[in-house]
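Colleague: I'm still learning to read models like this one. Could you pick one part, look at it closely, and talk me through what sits around it?

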Amino acid sequence: MTSSLSHSTQTNRKDPWLAVNFSMFFPGLGQFYGEKIIKGLFWSICQIIAIIAAIWSCLSPDGQTSTGLIFLGITIIIYLANILDAHWTVYTAKNDKSLEKIPRTNKNPWFAVFVSRVLPGLGQLYGNHSILGLIFLTASLIFLRLDDLYPSLLIISPTLAAIATYHAYLGFPQKSSFRVREYRSIVAVMVGLIFAWGIIWNYLPNWIDGRWQLFNIPSESMQPTLQIGDFVLVKKSSSYVPQQKDVVVFKTPDAVKKLSPDAGDYFIKRIIGKPEDKIQIENGIVYINNQPLEETYISEPPDYQWGPEIVPSQAYFVLGDNRNASLDSHAWGFLSKDYLVGQAYKISWPLGRGKSLILK
């Protein structure tokens, strides 16, 4: 009876480094584990608000990149402070003066898991598996570099991290006072989450790049709307249907390369004519279907005559806002919709020039 009671007490004992590992997944989880529900909810809600604010500020047309960067910094601060608080919450609750804040004398398998999550291999070095630790450490550093060069290898790093973490716990010295095997199911779930999070974070940049992309403005062809050195955020979508006055990025047509062999891979212009529109430029005014187009965004009226011509069904007529210094449709013809990349909808950088490019 006495032995069974002792076993139960040790099994239910809270461990501050297990709380840390929980909070590394998301702020508040370590506090929930430490039975501080209100504190856990506080950390979770603060982090959710900061993440939403950062994403909205960075990606919304009306959001400011500077505000997004501030909230991104806040999310990092919340994350790190939450980890420290998770450890402190359980550590102080135990009121065990013999407990080490960073276990060196009485080593802790959950600390081995923690350092393995920071960098695979450190948990093995901490647990006196030096050779295996160096192997994990070296392999992780190598594949972190190879991931950037070969996207097909993105799955390797999360796999190494999961294996290293699992071994760091289960391979912990059995002479330790901790009952390692009793938490086998917890560490198995944790390893699965580590692998899943690793996959998400590794592939997230590719997912974002497939939907949004920053483009640098290299010329004065879109002045005064865009200045040289501006970075515009482009929403990429195969289903995007441009509207009149949208600012769009497109791949450089072959007709442009013939006129300007040094032209870059991408151009940015404003949609003026849509499919089936009749376009004419006369006396400094653009006419769409015989109606003058009101344009408050151009630097000066065009000093050339063009048209009238009908825009083909699968094409657009595009012009730069700096009409007399822009290599655009009046020089090389209509833009096929197949060349479209997406809509440039905001200036993201420099911070002082951030604004929406969507005309309301």
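Modeller: Sure! Keep in mind that this is a predicted model. Let's start with Lys 14, which lies over the face of Tyr 33, at 4.6 Å from the ring centre. There is another arrangement of that kind to look up: Arg 117 lies over the face of Phe 25, at 4.0 Å from the ring centre.

Phe 25 brings us to the part I'd like to zoom in on, helix H2, where Phe 25 is one of the buried residues. Have a look at how the helix begins. A side-chain oxygen of Asp 15 reaches to within 2.8 Å of the backbone nitrogen of Trp 17 at the start of H2. Now, how many of the residues of H2 are buried? Nine of the 10 are, so H2 is largely enclosed by the rest of the structure. If you want to click through them, the buried ones are Pro 16, Trp 17, Leu 18, Ala 19, Val 20, Asn 21, Ser 23, Met 24 and Phe 25.

Pick out Ser 23 from that list. Ser 23 sits in helix H2, and its relative accessibility is 0%, so it counts as buried. Its side chain has a partner, too: a polar contact of 3.2 Å joins the side chains of Ser 23 and Asn 82.

Next, let's see what Trp 17 does with its ring. A handy bit of background: a pair of aromatic rings is described by the distance of the centres and the angle of the planes. The model has 16 aromatic pairs counted that way, with centres within 6.5 Å. One of them is formed by Trp 17 and Phe 111, with 4.7 Å from centre to centre and 85° between the planes, which makes it edge-to-face. This pair ties together distant parts of the chain, since Trp 17 is in helix H2 (residues 16-25) and Phe 111 is in helix H6 (residues 109-118), 94 residues apart. Are these two rings buried or exposed? Trp 17 has a relative accessibility of 8%, so it counts as buried. Phe 111 comes out at 11%, so it counts as buried as well.

For contrast, try another ring pair. The centres of the Phe 250 and Phe 267 rings are 6.1 Å apart and their planes are at 50°, so this pair is tilted. It also links distant parts of the chain: Phe 250 belongs to strand S3 (residues 247-251) and Phe 267 to strand S4 (residues 266-273), with their positions 17 residues apart in the numbering. Both of these residues are buried.

Back at Trp 17, the story goes beyond a single partner. Ring pairs link Trp 17, Phe 111, Phe 114 and Tyr 126 into a cluster.

While we're on that tilted pair, let's stay with S3 for a moment. Four of the five residues of S3 are buried, so this strand is largely enclosed by the rest of the structure, too. Which strands does S3 pair with? One is S4, which runs antiparallel to S3 and is joined to it by five bridges. Val 248, for instance, has Lys 269 in S4 as its bridge partner. The other is strand S11 (residues 340-349), which pairs with S3 in the antiparallel sense over three bridges. There, Val 249 stands opposite Gly 342.

A helix to set beside H2 is H4 (residues 37-59). Its 23 residues reach 33 Å from the first C-alpha to the last, close to the 33 Å expected at 1.5 Å a residue. Its buried residues are Gly 40, Trp 43, Ser 44, Gln 47, Ala 50, Ala 53, Ala 54 and Ser 57. Notice the spacing in that list as you read this general point: an α-helix has 3.6 residues a turn, so residues three or four places apart point the same way.

Last, a quick word on cysteines. The structure holds zero disulfides. Why does Cys 46 not form one? The closest cysteine sulfur to that of Cys 46 belongs to Cys 58 and is 19 Å away, too far for a bond. Cys 46 is partly exposed, with a relative accessible area of 24%, and Cys 58, at 25%, counts as partly exposed too.

Terms used: Residues are numbered from 1 along each chain as its sequence is written. This is a predicted model: local features need pLDDT of at least 70, side-chain atom pairs count only at pLDDT 80 or more; totals for chains, interfaces and linings use all residues. Side-chain values use heavy atoms; hydrogens and water are left out. Rings of Phe, Tyr and Trp (its six-membered ring) pair if their centres lie within 6.5 Å; planes under 30 degrees apart count as stacked, over 60 as edge-to-face and the rest as tilted. Helices (H or I, at least four residues) and strands (E, at least two) are DSSP runs, numbered from the N terminus. Buried means under 20% relative accessible area, exposed over 50%, partly exposed in between (1.4 Å probe, protein chains only). A charge sits over a ring if NZ of Lys or CZ of Arg is within 6 Å of the ring centre and within 35 degrees of the ring normal. A disulfide is a pair of cysteine sulfur atoms within 2.5 Å. A polar contact is a pair of N or O atoms within 3.5 Å; within protein, one must be able to donate a hydrogen and the other to accept it, and residues adjacent in sequence count only if both atoms are side-chain atoms. The expected span of a helix is 1.5 Å times one less than its number of residues. Two strands pair if DSSP finds at least two bridges between them.
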